[in-house]
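Colleague: I am new to this model and would like to look closely at a single part of it. Please start with the whole chain, then take me through that part and the places around it.

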Amino acid sequence: MIKNTQTPLNKDEQKRLNQIVQQLIDSNDSVEFRQPVDYKRLNLPDYIQIVKRPMDLGTVHLKLNNNAYKTVEECLDEIQLIWDNCKLYNGPQSWITKIAEKLERLFKKNVKNYLPLVNLPQVVPKTKEITSDVYQEEPQEQVTYNDKVEFSNNLKQLAPEQIGLIVHMIQNTSPNAFIEIEREKYQIIVDNIEYEAFTKCQQQIQAWISGDDINKKVKI
């Protein structure tokens with residue numbers, strides 16, 4: 001949080017902050033950050049234990065228009081909190097962290113353009129707090145970054161009907177791995193595929209690539 005200087009939020013600064021927030025909302029990359037994280041639907045029971053102060057662009061926009069902020073820095077700090085929360089929960093290698101970092105760069109660029117006299121929010125590195133509530137279950141195997149890259153590259157080698165079978169396998173086991181981009185158009189989020197399902201999909205893909213019969217499908 002910025003403590004050195006505090007800029008009172010008058011109409012001119014509020015207008016500029018609205019421009020900054022609106023440009024972030026209008027970005028094609030901000031879909032995941034426009035509303036609060038639905039941790040129940042996404043099956044993320046530890047989210048509210050790790051992320052102590054959830055924040056999103058929609059909430060910032062609403063608070064800004066309802067005059068909930070007293071200073072410019074208070075609003076900027078909460079925008080920065082969105083990116084910090086994402087990086088804290090998902091880790092540096094996650095696809096969503098990469099998007100957050102891209103939006104963070106856009107955010108800081110716009111602050112310099114619209115509010116050149118205001119100090120940028122200071123990023124304080126944080127690590128996940130290990131609590132008994134969060135880690136009651138035994139450690140589970142994780143899909144590595146290299147595994148995800150290999151999976152994505154292998155998918156590109158499949159025929160359409162093979163891709164359809166993989167999609168069906170993932171839909172049956174990891175529905176949270178799908179995000180609707182447009183009507184009847186979906187994006188597969190590899191990070192959200194269950195480990196066992198990911199492994200079986202990889203086995204099936206590798207069997208196809210190695211020349212095994214398409215009918216020899218892995219049960220899932």
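Modeller: Happy to! The chain holds 8 helices and 2 strands, where helices (H or I, at least four residues) and strands (E, at least two) are DSSP runs numbered from the N terminus. This is a predicted model, in which local features need pLDDT of at least 70 and side-chain atom pairs count only at pLDDT 80 or more, while totals for chains, interfaces and linings use all residues. Residues are numbered from 1 along each chain as its sequence is written, and side-chain values use heavy atoms, with hydrogens and water left out.

Following the sequence, you meet the elements in the order α-α-α-α-α-α-α-β-β-α. Of the 220 residues in the chain, 35% are buried; buried means under 20% relative accessible area, exposed over 50%, and partly exposed in between (1.4 Å probe, protein chains only). The accessible surface of the chain is about 14,000 Å², and carbon and sulfur atoms supply 49% of that surface. Such areas come from the Shrake-Rupley method with a 1.4 Å probe, and for residues only the protein chains shown count as cover. Among contacts in the chain with a separation of 6 or more, 66% link residues 24 or more positions apart; a contact here is heavy atoms within 4.5 Å.

Now for the part itself, helix 4. Helix 4 covers residues 72-90, 19 residues in total, and spans 28 Å from its first C-alpha to its last, close to the expected 27 Å at 1.5 Å a residue. That expected span is 1.5 Å times one less than the number of residues. Helix 4 is mostly covered, with 16 of its 19 residues buried.

What packs against helix 4? Helix 3 (57-65) is one partner: the axes of helix 3 and helix 4 are 10 Å apart, and the two pack at an angle of about 170 degrees. The two helices therefore run roughly antiparallel. Helix 3 brings L57, V60, K63 and L64 to this contact, and helix 4 brings C75, E78, I79, I82 and W83. Axes are lines fitted to C-alpha atoms, for helices over the stretch in contact, and angles run from 0 to 180 degrees between N-to-C directions. Angles under 35 degrees count as roughly parallel, over 145 as roughly antiparallel, 65 to 115 as roughly perpendicular and the rest as oblique.

Helix 1 comes into the picture through V21. V21 has a relative accessible area of 0%, so V21 counts as buried. Beyond its neighbours within four places in sequence, V21 contacts L57, V60, H61, L64 and I79. V21 and V60 lie 39 residues apart in sequence, with their C-alpha atoms 7.8 Å apart in space.

L57 also leads us to S30, since S30 touches L24, I25, L57 and L103 when residues up to four places away in sequence are not counted. S30 sits in the loop between helix 1 and helix 2, and S30 is buried because its relative accessible area is 0%. Its side chain makes a polar contact of 2.9 Å with the side chain of R34. A polar contact is a pair of N or O atoms within 3.5 Å; within protein, one must be able to donate a hydrogen and the other to accept it, and residues adjacent in sequence count only if both atoms are side-chain atoms. Along the chain, S30 and I99 are 69 residues apart, yet 8.0 Å separates their C-alpha atoms.

Back to helix 4 and the loop that joins helix 3 to it. T71 is found in this loop, and T71 counts as buried because its relative accessibility is 14%. The side chains of T71 and Q6 share a polar contact of 3.1 Å. Setting aside neighbours within four places in sequence, T71 is in contact with Q6, T7 and L9.

N67 belongs to that loop between helix 3 and helix 4 as well. N67 is partly exposed because its relative accessible area is 49%. Its phi is positive, about 60 degrees, although N67 is not a glycine. Most residues other than glycine have a negative phi. Just after helix 4, on the other side, G91 takes a positive phi of about 85 degrees.
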